[in-house]
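Trainee: I am new to this structure and would like a close look at one part of it, the place where the two protein chains meet. Please take me through that part slowly, and then show me what lies around it.

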There are 2 protein chains.
Amino acid sequence: MSKSNNVYKDAYNRCLRLLDETKSLPSEPELGTLLGVSRTTVRSILARMEETGLIAWNKRSKTVLRTPRPDDFFPEEETDTLAEIIERSFMRRLLAGGAEAGMQINELELAREIGVGTTSVREFLIRFSRFGLIEKRRNSHWVLKGFTRAFALELTEIREMFELRSAAAFAALPEESPVWADLDRLEDEHRLLAREIASRFNEFSELDERFHRLIHRASHNRFIVDFYDVIAMIFHYHYQWNKAQERERNEVAVAEHLVYIAALKSRDLGKVDAACRKHLKSARNTLLTSIPEAGSRNVPDARRA
Amino acid sequence: MSKSNNVYKDAYNRCLRLLDETKSLPSEPELGTLLGVSRTTVRSILARMEETGLIAWNKRSKTVLRTPRPDDFFPEEETDTLAEIIERSFMRRLLAGGAEAGMQINELELAREIGVGTTSVREFLIRFSRFGLIEKRRNSHWVLKGFTRAFALELTEIREMFELRSAAAFAALPEESPVWADLDRLEDEHRLLAREIASRFNEFSELDERFHRLIHRASHNRFIVDFYDVIAMIFHYHYQWNKAQERERNEVAVAEHLVYIAALKSRDLGKVDAACRKHLKSARNTLLTSIPEAGSRNVPDARRA
DNA sequence: AAAATGTTTTTTCACGATAAAAGACATTAT
DNA sequence: ATAATGTCTTTTATCGTGAAAAAACATTTT
C-alpha cells in the first residue's frame with residue numbers, strides 16, 4: 001500500500017458532480033484545470049466513467065449515458081489526504097484531554113496507531129511545528145507544549161498586531177482596488193447569515209475565515225498572510241470542540257463583522273481601529289473561555305502521548 | 001549508508017577538547033549531559049578513546065594516558081548534520097545567482113545532486129518553507145519565491161514590529177530580572193569588540209544574534225521568539241555573501257547597539273523606541289543594498305533550479 | 001497551426017527496512 | 001540507598017523502492 005489514489009478518487013467524485021450539473025464533459029486538459037489535477041488523472045477518471053457506463057468515450061467525443069447514482073461515488077473517507085488523516089487523528093488526541101504540556105510525542109507510536117508510515121507522521125509533525133504547539137528535541141522525541149492559556153494569549157497578541165495593521169492597510173486601499181467588491185460581497189453574505197442565524201449559525205466559521213483572510217491579504221506581507229494559517233487551524237478545531245453558546249457567539253461575531261466592514265468602508269482609521277479591536281477582543285475571550293485552567297483537568301497519566 | 005554517525009563524531013571531537021582542558025573525564029551520565037548526547041554515544045566515544053590509547057578505561061576508572069593530537073579528531077565535515085549539509089547546498093544554489101522567482105525546485109534532482117535520499121530533502125524543504133522563500137504546489141513541485149526586495153521588505157516589516165514591542169517589554173522588566181545582568185555582559189562584549197573592531201569585525205554577526213535574541217525573549221511570545229529564526233537565517237547567509245564594507249557596517253552597528261543598550265538601561269520608552277528604530281532602519285538598508293534589483297542580473301536560464 | 005489525444009518519462013508520495021542514537025531495565029560498586 | 005556501569009529494547013534518521021500523479025514528448029484531429 002505504497003500510495004493511496006485519493007487524488008484520483010476525490011477528483012472522480014468532483015467530476016461526477018460536474019457531470020450531474022452540466023450533462024457534458026470538456027476536453028481532457030480543460031477538465032484537468034477544472035479539477036486541479038493532471039491529465040493523467042483525468043484520463044483515469046474518464047476510463048472508469050466509461051467502464052461504469054456513465055459515458056461513452058472515444059477520443060474527443062464524450063457522450064453522457066446516464067446521471068450519476070449515489071453508489072457511483074467513492075466513499076468520502078477514501079478521498080482524504082494522508083496529511084488530513086494524520087492531522088485529524090493527532091488533533092483528536094490533543095483535544096481529547098490527557099494531553100498535558102511536557103508530554104512526549106512518539107513518532108513510531110503515532111504512526112502505528114494511525115496505521116501509516118513513520119515518514120508521513122514525521123513530515124506532518126515538521127509542518128505542524130510552526131503552529132507553536134510542539135517542539136523537537138534534536139535526535140529525540142517531540143515535546144507537546146500544550147494548548148494552554150499562554151498559547152492562546154501569545155497567538156492572539158500576534159493576531160491583534162497583524163490584523164490592526166492589515167485593517168489599516170485595507171482602509172487605505174484605493175477606490176479602484178477589487179477588494180472593495182470582495183468586501184461588498186462578504187457584507188451581503190453577512191447580512192444574509194444574520195437574518196437566518198437561528199438555522200445557519202454553524203456556517204459562520206467558514207465566512208469568518210474568508211473575511212479575515214481578505215483583510216490580512218491587504219498587508220501584502222507573506223508572514224502576516226501565512227500567520228493566518230495558525231489562527232485558522234486553532235479556530236477550526238476550537239469551533240468543533242467548544243459548542244457552548246455557539247449560536248449566541250456567532251450572532252455577536254456577525255454583528256461585530258458588520259460594524260467592522262462599515263468602518264473599513266468609511267475609510268476612517270479611527271473607526272477601523274476601534275471596530276477591529278472590539279471584535280478581536282471578543283474573539284480572544286471566546287477562545288480563552290474554552291481553555292480550561294491548568295491543573296483543573298482529570299489527567300491520569302501525563303508522561304506519554 | 002543508512003545513517004551517518006555524525007552525532008558520535010561531533011561529540012567525540014568535543015570530548016577530545018574537554019579532555020585536553022580538564023585532563024580527566026567524569027562519569028558516563030555526567031559526560032552525556034555535558035556533551036548533550038545519550039549514554040550509548042558516550043560509551044562509543046570512550047570505547048574509541050581506549051582503542052586509540054587516549055585513556056585507560058575500566059568501569060569507573062578512566063585514566064588519561066596522553067593529550068589528544070590533531071589527527072585524533074574526526075574531520076570537521078564529517079560532524080555536520082544532514083540537515084546542515086542540505087541547507088548549505090541549497091542556499092549556495094539559491095545565492096549563486098540564476099535563482100529567479102518562479103523557478104521550480106525539484107526534490108529528486110536536489111537529492112541526487114547533494115547525494116542524499118529524497119526523504120531528507122523533502123523534510124528540509126518543509127522546514128525551510130516557513131522562511132517564506134519557497135512554496136509547495138500540492139502533489140507537485142516547490143516554487144521558489146526568490147530572495148527579492150519584496151521579501152526583504154516584508155521580513156523587516158515584521159522584524160520592526162516585533163522588536164519594537166519586545167524592546168518596550170524589555171525596558172519594562174523589573175530590576176531583579178536576570179536579563180539586566182545578561183545585558184550588562186553583552187554591553188561589555190560590545191565595548192570590547194568596539195575597541196578591537198579593526199581586527200575582530202567578523203565576530204559581530206554572532207554577537208548581533210545573541211543581542212537581538214535576548215531582546216526578543218522579553219516578549220514572552222513564542223511566535224516572536226521563533227520569528228527570529230527567519231531573521232537569523234537570512235542574516236547568516238547575507239553576512240557570508242555581502243562582504244562589501246563589512247568593517248564599516250559592523251562598526252556602525254556596534255555603536256548603534258551601544259546606544260540601544262543605554263536606552264534600555266535608562267528604561268525611557270521614548271529613547272528605547274528611537275534607538276531601536278534607528279538601528280533597525282540601518283539594518284534594513286544594509287540588507288536592501290545587498291539585493292540586486294530584479295532584471296539586473298545575468299540569468300542564463302530561469303526555468304529550472 | 002492550434003489544440004486535442006496517445007504514449008513515455010519523471011517526479012512525488014508513502015512505505016518498509018536498517019544503522020545510529022536514545023532510552024529503559026538490570027546489575028554492580030561505593 | 002544512591003549512583004554508577006552493563007545489557008537490552010525502542011525510537012529516530014535515512015535510504016531504496018514502487019505505485020500514484022504529474023509532466024514531457026509524440027501523434028493525430030479539427
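Trainee: How many residue pairs are in polar contact between chain A and chain B, with both residues at pLDDT 80 or more?

Mentor: The count is 13 residue pairs between chain A and chain B, both residues of each pair being at pLDDT 80 or more. A polar contact here is a pair of N or O atoms within 3.5 Å; within protein, one must be able to donate a hydrogen and the other to accept it, and residues adjacent in sequence count only if both atoms are side-chain atoms.

Before we go on, please keep in mind that this is a predicted model, where local features need pLDDT of at least 70, side-chain atom pairs count only at pLDDT 80 or more, and totals for chains, interfaces and linings use all residues. Residues are numbered from 1 along each chain as its sequence is written, chains are lettered from A and ligands numbered from 1 in the order in which they are written, and side-chain values use heavy atoms, with hydrogens and water left out.

Let us start with the interface itself. Chain A gives 31 residues to the contact and chain B gives 31 residues, where contact means heavy atoms within 4.5 Å. Between them the two chains bury about 2,700 Å², with 54% of it on carbon and sulfur atoms; buried area is the accessible area (1.4 Å probe) that two parts lose on being put together, summed over both. A:Glu154, A:Arg222 and A:Phe223 supply 26% of the area that chain A buries against chain B, more than any other three residues.

One of those three residues also appears in a salt bridge: A:Arg222 pairs with B:Glu154, and their closest N and O atoms are 2.7 Å apart. A salt bridge is a side-chain nitrogen of Lys or Arg within 4 Å of a carboxyl oxygen of Asp or Glu. Side chains of opposite charge can pair when their charged atoms come close. The rule finds 6 salt bridges across this interface.

Which elements carry this side of chain A? α6, α7 (149-171) and α11 (222-241) of chain A each supply at least two residues of the side that touches chain B. The largest share, 9 residues, comes from α7(A). By class, that side has 13 nonpolar, 7 polar and 11 charged residues. Helices (H or I, at least four residues) and strands (E, at least two) are DSSP runs, numbered from the N terminus. In the classes, Ala, Val, Leu, Ile, Met, Phe, Trp, Tyr, Cys and Pro count as nonpolar, Asp, Glu, Lys and Arg as charged, and the others, Gly among them, as polar.

Now look at another pair. Over all chains the count comes to 69 salt bridges. In one of them, B:Arg122 and A:Glu123 have their closest N and O atoms 3.0 Å apart. B:Arg122 lies in helix α6 of chain B and A:Glu123 in helix α6 of chain A, so the pair joins two chains.

B:Arg122 leads us on to the DNA. It is among the closest of the 43 residues that surround DNA strand C, together with A:Arg39, A:Arg43, B:Thr40 and B:Thr41; a residue is near a molecule or strand if one of its heavy atoms lies within 4 Å of it. Sugar and phosphate account for 73% of the atoms of DNA strand C that come within 4 Å of the protein. For example, a polar side-chain atom of A:Arg43 lies 2.4 Å from a phosphate oxygen of DNA strand C, and for B:Asn106 the corresponding distance is 2.9 Å.

The other strand, DNA strand D, is surrounded by 44 residues, the closest being A:Thr40, A:Thr41, A:Arg122, B:Arg39 and B:Arg43. Here sugar and phosphate account for 71% of the strand's atoms that come within 4 Å of the protein. The side chain of A:Thr40 places an N or O atom 2.6 Å from a base nitrogen of DNA strand D, while a polar side-chain atom of A:Ser38 lies 2.8 Å from a phosphate oxygen of that strand.

Finally, UniProt lists residues 154-282 of chain A as "domain: GntR C-terminal" in an unreviewed entry. UniProt positions are given in the numbering used here, feature names are shortened, and annotations may be inferred rather than shown by experiment. Over that span the chain is 84% helix and 0% strand.
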